[in-house]
Amino acid sequence: MNTLVILRAIQDPAGLSVNRRAQKVFINREQYIFNPSDRNALEAALRLGGEVTVLGVGGAPVAQVLRDARAMGAARAIQVTDEALKDADALVLTHVFKRAIERVGGIELVVLGAEVLDSDGAQIGPRLAEALDWAFIGNAHELKVNHNTLTAIVARGRAFARVEADLPAVAAVAPDSNKPRYAHAGRVISIFSDANAVEVWCLADLDLSESELQPVTELRGESFPPERELGKRLEGDVVAQLAETLRRI
Amino acid sequence: MDMDALSALMGEDLAAAIYADIWVSAPDPADLPLLGEARRLADSLGCYVHAVITDETQADRVIALGADKVHVAGRPDEFLMTQYPEFCFFAVNKLHQAARAAQRHKAGLISDARNLRVDEVSRALLGSHPVYGGEYLLDFALTSPAKFATIDPRTLPEPYADPNRSGEVVPNNFVAPEPRVRDLGPVDYTPQAWRPLTKAKVIVSVGRGIRDAEGVALAKRLAERLGAEFGGDRSARDSGWVDEEHEIGLTGVEVAPKVYVAVGVRGDTVHNAAIARAQHIIAIYPNPEAPIFAVADQVVVGEPKEVLTKLLAMLG
């Protein structure tokens with residue numbers, strides 16, 4: 001069973017503060033971590049057994065995460081990095097992932113996190129399933145593979161259901177659905193002293209057409225929720241106002 | 001026929017021109033507020049609103065809410081892959097359907113989109129997507145011929161229904177393909193790494209100001225009604241209403257929910273420090289001088305039990 005896990009690195013939210021009044025995001029401490037649910041995805045893939053390959057797109061932060069993943073037990077890590085991918089959107093990334101998966105070859109299951117904290121990246125799982133013409137299971141909590149069938153427990157609101165699909169398939173793993181293992185200390189040392197622990201591919205290796213690399217989403221900037229006004233005492237029909245707020249959550 | 005085949009056949013500009021109108025996937029009654037949003041944009045653009053529904057008996061209702069054309073199809077996402085929507089909206093809980101259809105159309109997609117509008121010159125769809133749990137938003141512009149967005153219907157106003165509006169049901173001979181994922185039914189399951197309080201999106205917490213076990217029961221009912229986790233401050237733990245794992249404070253757990261409802265919580269420093277990352281705090285407490293009010297967005301001075309009883313009646 002060959003599984004591939006897509007990993008993304010994000011700025012650690014602990015090193016970031018948002019000032020709504022100044023309309024600015026301050027990065028106090030530049031530090032990258034696994035996108036949290038991608039770490040759950042890696043754990044789910046490692047528990048399935050078989051060979052796990054990890055794949056990431058980006059520069060040094062993602063290389064770091066890929067090394068961590070190897071120390072946790074992934075057999076192979078591939079970093080796709082290219083200056084031309086700096087403005088890549090979900091459509092372009094989907095094409096890159098698809099081609100990389102085809103180049104790795106023999107992958108029956110792709111696993112990734114169901115949520116991406118720092119971008120609009122949750123759409124990549126279902127997009128990739130469509131591009132590969134594979135089945136897609138979202139919000140998965142537990143994965144099992146039996147012969148050629150993937151079974152998963154998925155969250156539906158606060159309840160759970162069991163679903164199954166034939167392989168090959170793409171599964172998006174819910175955040176906090178399992179307890180990711182720690183990296184093995186011995187592996188940490190050997191992986192971090194191995195200059196070739198992460199294979200580096202560039203776009204030329206993937207043979208993508210110009211139209212496949214054309215983004216259709218443009219990032220125009222950031223906006224901020226309204227500044228909080230604390231200590232505001234409700235007047236009039238206070239219960240109705242509370243009910244209105246609570247209905248929206 | 002997909003976008004690539006069309007472009008090859010007639011050139012990219014003409015292929016893009018085939019995409020028209022605003023399409024809304026509305027298989028669930030909860031999705032209907034999307035029609036109001038679509039109507040608002042369609043009125044400024046001068047185009048039609050198409051609604052894709054699964055239940056034909058809902059046709060009159062979606063027409064009253066703003067649809068000009070109604071399509072009945074077993075699987076709206078698969079149906080939309082065969083159509084040419086210029087703008088296409090799904091409810092936020094159907095992201096995977098929206099993303100698959102967007103990929104088929106080589107389209108951009110803004111998920112959980114806020115503040116949607118259209119640039120009338122370039123026809124780009126503009127909208128914002130919240131990141132880091134809503135700490136701030138990224139503003140996107142979609143420039144593909146088809147543009148997709150998922151919207152949380154609960155953030156939209158109740159749409160205005162006009163029973164005199166006219167619209168038509170457009171017949172189709174679409175046959176939905178068998179879904180690849182088979183549903184084996186509900187299961188009883190508790191996730192292993194469940195950390196209810198630290199990861200909870202909504203929390204209802206109690207303190208000694210709630211007075212007695214009867215008040216605690218009311219607060220628990222509110223938590224259940226909201227799908228929230230339940231906790232308490234140090235005084236609640238001392239009263240035996242919550243255990244150590246559900247004590248919110250620097251001696252217990254620190255939390256960062258979207259909404260934190262403090263009922264009868266006085267708000268000592270150790271408690272308020274532990275809820276500093278909450279995005280919206282509602283506080284109900286009898287004494288107007290309580291420190292919890294200094295950190296709350298919505299303050300209600302009143303007897304917690306009375307307020308809870310009325311609130312539960314109103315929420316139904």
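**Exercise 1. A pairing in chain B**

Which residue is the bridge partner of V24(B) in β2(B)?

*Solution.* This is a predicted model. Start with the strands. Strand β1 (residues 20-25) of chain B and strand β2 (residues 49-53) of chain B run parallel and are joined by four bridges. Now read off the pair: V24(B) has A51(B) as its bridge partner in β2(B).

**Exercise 2. The sheet around that pairing**

Find the strand order of the open sheet of seven strands in chain B, then name its edge strands.

*Solution.* Step one: the order is β5-β9-β4-β1-β2-β3-β10 (chain B), and the pairing is parallel. Step two: β5 (108-110) and β10 (168-169) of chain B each pair on one side only, which marks them as the edge strands. Step three: look for a helix on the sheet. Helix α3 (residues 33-45) of chain B lies across β1, β2, β4 (85-91) and β9 (147-151) of chain B. The helix runs at about 170° to β1(B).

**Exercise 3. A five-stranded sheet in chain B**

Describe the open sheet of five strands in chain B: order, edges and turn between neighbours.

*Solution.* The order is β13-β12-β14-β15-β16 (chain B), with parallel pairing. The edges are β13 (229-232) and β16 (298-301) of chain B, each pairing on one side only. Neighbouring strands in this sheet are turned by 15° against each other on average, direction ignored. Zoom in on one pair. Strand β12 (residues 202-206) of chain B and strand β14 (residues 259-263) of chain B share five bridges in the parallel sense. Within that pair, S205(B) has A262(B) as its bridge partner in β14(B).

**Exercise 4. Chain B as a whole**

How many helices and strands does chain B have, and what share of its residues count as buried?

*Solution.* Count the elements: eleven helices and 16 strands. Next, burial: 47% of the 316 residues of chain B count as buried. Then the extent: the C-alpha trace of chain B spans about 75 × 45 × 40 Å along its principal axes. Last, the contacts. Among contacts in chain B with a separation of 6 or more, 59% link residues 24 or more positions apart.

**Exercise 5. Chain A meets chain B**

State how many residues each chain brings to the contact, and which elements of chain A take part.

*Solution.* Chain A has 61 residues in contact with 64 residues of chain B. Six elements of chain A give two or more residues to that side: α3 (90-104), α4 (124-132), β9 (135-146), β11 (159-166), β14 (217-223) and α6 (238-247). By class, the side of chain A that touches chain B has 32 nonpolar, twelve polar and 17 charged residues. Strands also pair across the chains. β11(A) and strand β11 (residues 182-187) of chain B run antiparallel, joined by four bridges. Here V163(A) has D183(B) as its bridge partner in β11(B).

**Exercise 6. A helix pair across the chains**

Work out how α6(A) packs with α11(B), and which residues meet.

*Solution.* Take the axes: those of α6(A) and helix α11 (residues 304-315) of chain B come within 9 Å and cross at roughly 55°. So α6(A) is oblique to α11(B). The crossing is right-handed. Now the residues. V239(A), A240(A), L242(A), A243(A) and L246(A) in α6(A) meet V307(B), K310(B), L311(B), M314(B) and L315(B) in α11(B). By class, this contact has nine nonpolar, no polar and one charged residues. α6(A) also lies across β15 (280-285) and β16 of chain B, running at about 145° to β16(B).

**Exercise 7. A helix pair within chain A**

At roughly what angle do the axes of α3(A) and α4(A) cross, and which residues make the contact?

*Solution.* The axes come within 9 Å and cross at roughly 55°. Therefore α3(A) is oblique to α4(A). The crossing is right-handed. From α3(A) come A90(A), L93(A), T94(A), H95(A), F97(A) and K98(A); from α4(A) come I124(A), R127(A), L128(A), A131(A) and L132(A). By class, the contact has seven nonpolar, two polar and two charged residues.

**Exercise 8. A covered strand**

Is strand β6 (residues 51-57) of chain A mostly covered or mostly uncovered, and what does β6(A) pair with?

*Solution.* β6(A) is mostly covered, with six of its seven residues buried. Strand β1 (residues 2-6) of chain A pairs with β6(A) in the parallel sense over five bridges. There, T3(A) stands opposite V52(A). Strand β7 (residues 76-80) of chain A also runs parallel to β6(A), joined by five bridges. V57(A) has V80(A) as its bridge partner in β7(A).

How values were computed: Residues numbered from 1 in each chain as written. Chains lettered and ligands numbered in written order. Predicted model: local features only at pLDDT ≥ 70, side-chain atom pairs only at ≥ 80, totals over all residues. Buried ≥ 20, exposed ≤ 12 C-beta atoms within 10 Å, placed from the backbone. Contact = placed C-beta atoms within 7 Å. Nonpolar A, V, L, I, M, F, W, Y, C, P; charged D, E, K, R; others polar. Pairing = 2+ DSSP bridges. Axes fitted to C-alpha atoms, helices over the stretch in contact; angles between N-to-C directions. Parallel < 35°, antiparallel > 145°, perpendicular 65-115°, else oblique. Left-handed = near helix turned anticlockwise from the far one by under 90°.
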